[in-house]
Amino acid sequence: MSPQEIMDRASEIVPTVSMATVYRTIRSLEELGEIVPVELPGEPPRYEMAGKDHHHHFMCESCGKAFEVDACPGNLSHMTPDGFRLTRHDITLYGTCKACNS
Ligand SMILES: [Zn+2]
Ligand SMILES: [Zn+2]
């Protein structure tokens with residue numbers, strides 16, 4: 001979730017919550033290792049719970065939300081140039097989400 005999404009969710013529970021509180025909470029949860037930043041190309045960092053299994057993200061180009069994708073194409077070393085060694089990959093899918101499609 002982006003800080004703004006966290007803010008929207010939090011203000012449903014605590015109407016007086018401020019953006020400063022959200023950023024402060026994000027920082028302390030990150031220091032505790034409870035959450036990790038999700039870096040999507042050209043996007044401000046989002047955050048998710050730490051310790052999830054390997055997964056990818058789907059970025060809705062209509063509403064701008066990011067969704068988790070459990071599927072993975074697996075070992076992509078067949079795409080790696082000769083003499084290179086692949087250590088990890090990061091895949092972002094783009095399109096429109098279910099809510100935006102209906
Ligand atoms: Zn959408
Ligand atoms: Zn993968």
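The legends below describe close-up views of two zinc sites and one helix pair in a predicted model.

In this predicted model, local features need pLDDT of at least 70 and side-chain atom pairs count only at pLDDT 80 or more, while totals for chains, interfaces and linings use all residues. Residues are numbered from 1 along each chain as its sequence is written, chains are lettered from A and ligands numbered from 1 in the order in which they are written, and side-chain values use heavy atoms, with hydrogens and water left out.

**View 1. The site of the zinc ion (ligand 1) is built from cysteine sulfur atoms.** Cys-60 (SG), Cys-63 (SG), Cys-97 (SG) and Cys-100 (SG) coordinate the zinc ion (ligand 1) at 2.3 Å, where donors are N, O and S atoms within 2.8 Å of the metal (3.2 Å for Na, K and Ca) and sites may look incomplete, since water is not among the atoms. Along the chain these donors are spaced as C-x2-C-x33-C-x2-C. The angles among the four donor atoms run from 102 to 115° and the site is tetrahedral, a term that for four donors requires all angles to lie between 85 and 135 degrees. Cys-60 is buried, at 0% relative accessibility, whereas Cys-63 is partly exposed, at 38%; buried means under 20% relative accessible area, exposed over 50%, and partly exposed in between (1.4 Å probe, protein chains only).

**View 2. Histidine and cysteine donors surround the zinc ion (ligand 2).** The protein donors, His-54 (NE2), His-56 (NE2), Cys-72 (SG) and His-89 (NE2), lie 1.9 to 2.2 Å from the zinc ion (ligand 2), and their spacing along the chain is H-x1-H-x15-C-x16-H. Because His-54 sits in the loop between β2 (46-49) and β3 (56-60) and His-89 in the loop between β4 (66-69) and β5 (92-95), the pair ties together parts that are 35 residues apart in sequence; strands are DSSP runs (E, at least two residues) and helices likewise (H or I, at least four), numbered from the N terminus. The four donor atoms subtend angles of 102 to 118°, so the arrangement is tetrahedral. His-54 is partly exposed, with a relative accessible area of 48%, and Cys-72 is also partly exposed, at 33% relative accessibility.

**View 3. Helix α1 and helix α2 cross.** The axes of α1 (residues 3-13) and α2 (residues 19-31), which are lines fitted to C-alpha atoms over the stretch in contact, come within 10 Å and cross at roughly 115°, with angles running from 0 to 180 degrees between N-to-C directions. The two helices, α1 and α2, are therefore roughly perpendicular to each other, the term used for 65 to 115 degrees.

Methods: Tetrahedral: all angles 85-135°; square planar, octahedral: opposite > 155°, others 65-115°. Parallel < 35°, antiparallel > 145°, perpendicular 65-115°, else oblique.
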